[in-house]
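Let's take a look at a protein with a ligand, and then at how some helices pack together. Have the sequence and the 3D view ready to follow along.

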Amino acid sequence: MEDHRSSAFPALVRPLLEDLKHVFRTAGGQVFVFAATGSGGWEASLVNTRSPGDRLLGVRNGHFSHGFIECARRHGLTVDVVDVAWGDAAPPDRVEEALRADAAHEIKGVLVVHNETATGVTSDVAAVRRAIDAAGHPALLYVDAVSSLASIPFEFDAWGVDLVITGSQKGLGLPPGLGIVCASQRALAAMPDARCSRSFFDFGDMARANAGGYFPYTPALSLLFGLRESLDILFDEGLDNVFARHRRLAEGVRAAVAAWGLATCARRREWCSDSVTAVVVPDGVDGAEVVDLAFRRYNLSLGGGLGQVAGKVFRIGHMGDLNELMVLGALAGVEMAMRDAGITVALGSGVGAAAEVYAQRPLDM
Ligand code: PLP
C-alpha cells in the first residue's frame, strides 16, 4: 500500500474525483467516494440532506427500491410509497399526482431506482424529473444508479438529479468496496439543516479533506488505484460506445429469452434493462434451482430472484467488461442449467438467436 497522507497522494485523488464527474455527466455536482458499497451510498445521500421526521416519496418496483425506502425509514424518515408491480418502471404520472396532492410541500425528496437490478427494469429518470417540475414541487430527486452507471446512459445535470448513488462492483467493473455519491448544489445546500446523525458518511468532513486531495480517514486505497484503471478503460472505449455495447449485448440476451419461449420480468420492451435481464421461469420450476445448478455444474454465476420474485425468476447480468462471446458462453450455461432444472429448452436455441443478433452488426474493430 502507498501512503495516503503523502504529498504524492492528491495526484491520484484529484483527477479521480474530476473524472467521476464525467461519468455522472455533471459540471456542478460534487462527488464523494466512501469505503462502502451501494447501500452505504444510500445512507450517505439521506443522512447528509435530511432530518428525522422528514417526509419522502419512494417508488417501489423491486427489491432494491424497497431497500432504499427501508434505509430512509431506519433513519427516522417517513416514506409515502408508490407501489407498482415488480416488473414495471417508475410511473411519472403517479409521482406527479402525489406531489400535486402535497400542496404544503412537506415531501422533501423523491426516491427512484434507475435500474432495478432485481427485475431488470430501467426507469425513465428524466420523466420523473419532469413530473416533479410539472407539479411545481421543490422535492430533491434521489436516484439509485448502482446497476446503471457506466452501463446505461445517465445524465446527472440534464435530468436534474440531486443525489445519485453507485457502487464500484457494477458498471465500473471493480471489486466491491466503494460507495460513490454525487450531490447537486441544491442537495449540498440542504446539509446545514439536515439533522440525521452522521459521522463516517459526513459530506462536510469528506469535502474538506478532498479539497486538498486527501480523505478524512484511510480510504480503500487499492480500489482507488483500480478505479483509476477502470475509468481509463471506460474513457478509452468511450462512454457512448460502452452504452452501445451494453445495448447490443442485452439485445442478444433478449433474443435468447424469446427463443426459449420465456418472458422477461420487465413487462414492457422499453423497460428492459441493458445491464441485467430477469427471466421468468415456468410454473412449477424454482428459479433458485437454475441458479444453483448453473453455479455448481457449470461454474456460471447467475442472479437469483429477490423478495417478491424469489424463485420466480433468475437473472443474467450483462454489465461491465463483457463481450459477445462471453455472453454466448453464459447463455450456453443458462440453457444447460435450465434443462437440468426441468425446463424444456432446445440446447443452442438461445445461443443461436443471440449469435444472429451479434452477427448482424459486427462492432467496428
Ligand atoms: N441498488 C441496486 C440497484 C443494486 O443492484 C444494489 C446491489 O446489487 C444495491 C442498491 C445495493 O448495493 P450494495 O450491494 O453494493 O450495497
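Start with D144: one of its polar side-chain atoms sits 2.5 Å from a nitrogen atom of the ligand. Keep in mind that what you're looking at is a predicted model. Two other side chains have polar atoms lined up with oxygen atoms of the ligand, one from S39 and one from Q169. Here are the three contacts together:

| Residue | Ligand atom | Distance |
|---|---|---|
| D144 | nitrogen | 2.5 Å |
| S39 | oxygen | 2.6 Å |
| Q169 | oxygen | 2.8 Å |

How much of the ligand's accessible area does the protein cover? On its own the ligand has 380 Å² of accessible area, and the protein covers 87% of that.

Now zoom out to the whole shell around the ligand. Its residues are T37, G38, S39, W42, F64, V113, N115, T117, D144, V146, Q169 and K170. Sorted by class, that gives six polar, four nonpolar and two charged residues. Which helix gives the most to this shell? That's helix α2, residues 38-47, with three residues.

Next, the helix pairs. Helix α9 (residues 239-259) and helix α12 (residues 349-360) have axes that come within 7 Å and cross at roughly 145°. This crossing is right-handed. On the α9 side, the residues that take part are R248, L249, E251, G252, V253, A255, A256 and A259, and they meet S349, G350, A353, A354, V357 and Y358 of α12. Sort the residues of this contact by class and you get nine nonpolar, three polar and two charged.

The other pair is helix α10 (residues 287-298) with helix α11 (residues 324-340), packed at an angle of about 115° with their axes 8 Å apart. Left-handed or right-handed, how do α10 and α11 cross? Their crossing is right-handed. From α10 come V290, L293, A294, R297 and Y298, while α11 brings G333, M336, A337, M338 and D340 to the contact. By class, the residues where α10 and α11 touch are seven nonpolar, one polar and two charged.

How values were computed. Residues numbered from 1 in each chain as written. Predicted model: local features only at pLDDT ≥ 70, side-chain atom pairs only at ≥ 80, totals over all residues. Heavy atoms only, no water. Near = heavy atom within 4 Å. Polar contact = N/O pair within 3.5 Å; in protein donor to acceptor, adjacent residues only side chain to side chain. Areas by Shrake-Rupley, 256 points an atom, 1.4 Å probe, with all protein chains shown as cover. Helix = DSSP H or I, 4+ residues; strand = E, 2+ residues; numbered from the N terminus. Nonpolar A, V, L, I, M, F, W, Y, C, P; charged D, E, K, R; others polar. Axes fitted to C-alpha atoms, helices over the stretch in contact; angles between N-to-C directions. Left-handed = near helix turned anticlockwise from the far one by under 90°. Contact = heavy atoms within 4.5 Å.
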